Amino acid sequence: MSDYGDGQQLRPDPMDGLRVDFTAFFKEVQHGYLGYAMQLLRNRQDAEDVVQIAGMKIHAKWEEFLAHSNYRALGLRILSDAIKDYIRSRNRVTRRERAAAAEAGRHQSCVDQILHLGTFDALDRAMDELARREPVQADCVRLRVAQLSYEEIAETLGITPGTARTYYSRGRQLAKELAASYLRNEQEGEPS
């Protein structure tokens with residue numbers, strides 16, 4: 001640790017003390033992992049937390065991780081599981097908290113209630129539907145948006161680069177059509 005000169009000390013580097021090969025790997029994938037997590041969580045701080053959790057899980061089993069036949073795919077699975085766990089923990093609410101929220105909701109303005117309910121836009125809904133229909137295509141779209149190359153996506157998902165390119169194209173097109181459909185239905189006032 002060093003200090004600023006006025007006696008304040010910097011926080012220690014969380015990567016300090018980790019194996020060099022893990023550190024190099026994590027620095028290589030961290031940006032893509034963060035982009036992937038941000039697409040699902042829609043909050044940078046939450047995404048950073050989840051990426052760090054996934055990184056610590058990978059580090060804890062580093063030797064086993066490297067021994068895996070497709071460690072990039074395993075890393076994505078660990079990240080996906082960390083995201084799911086985070087969402088589950090965020091959605092767990094006790095009865096008392098629900099009752100308090102319901103009581104507070106009675107005193108909210110109509111605009112506040114609409115803004116609270118409007119957290120999912122058409123693109124989010126379209127990507128959720130794509131993930132249900134074609135999960136590999138959805139992963140290709142998310143990873144490509146997270147700025148991974150087709151070769152990196154192929155290695156991560158265990159498919160060929162040509163298949164990654166095709167799945168990205170098809171997934172993007174289907175998501176675009178689904179989002180347009182949701183927007184049309186909302187404008188016409190139909191439930192979707």
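A residue counts as exposed when its relative accessible area is over 50%. With that cut-off in hand, welcome to a short tour of this predicted model, with stops at a pocket between two domains and at two loop residues that have positive phi values, Arg-42 and Gln-147.

**The second largest pocket**

- The volume of the second largest pocket is about 180 Å³.
- Its lining is made up of 13 residues, and Glu-28, Val-29, Gly-32, Arg-72 and Leu-148 are the closest to the pocket centre.
- Helix H1 (20-41), helix H4 (71-91) and helix H9 (150-157) each give two or more residues to this lining.
- H1 provides the largest share of the lining, with five residues.
- Sorted by class, the lining holds six nonpolar, four polar and three charged residues.
- The pocket lies between domain 1 (15-110) and domain 2 (119-191), because both domains give residues to its lining.

**Arg-42, after H1**

- You will find Arg-42 in the loop between H1 and helix H2 (44-60).
- Arg-42 is not a glycine, yet its phi is positive, near 60 degrees.
- Its relative accessibility is 51%, so Arg-42 counts as exposed, given that the cut-off is over 50%.

**Gln-147, before H9**

- Gln-147 sits in the loop that links helix H8 (135-145) and H9.
- Here too the phi is positive in a residue that is not a glycine, at about 70 degrees for Gln-147.
- With a relative accessible area of 60%, Gln-147 is exposed.

Note on methods: Residues are numbered from 1 along each chain as its sequence is written. This is a predicted model: local features need pLDDT of at least 70, side-chain atom pairs count only at pLDDT 80 or more; totals for chains, interfaces and linings use all residues. Side-chain values use heavy atoms; hydrogens and water are left out. On a 1 Å grid over the protein atoms alone, a cavity is a set of points where a 1.4 Å probe fits but cannot get out, and a pocket is an open set with protein on both sides within 12 Å along at least five of seven lines; lining residues have an atom within 4 Å of a point. Grid points are joined across faces, edges and corners, and a volume is the space filled by probe spheres set on the points. Helices (H or I, at least four residues) and strands (E, at least two) are DSSP runs, numbered from the N terminus. Ala, Val, Leu, Ile, Met, Phe, Trp, Tyr, Cys and Pro count as nonpolar, Asp, Glu, Lys and Arg as charged, and the others, Gly among them, as polar. Domain bounds come from an automatic or database domain assignment. Buried means under 20% relative accessible area, exposed over 50%, partly exposed in between (1.4 Å probe, protein chains only).
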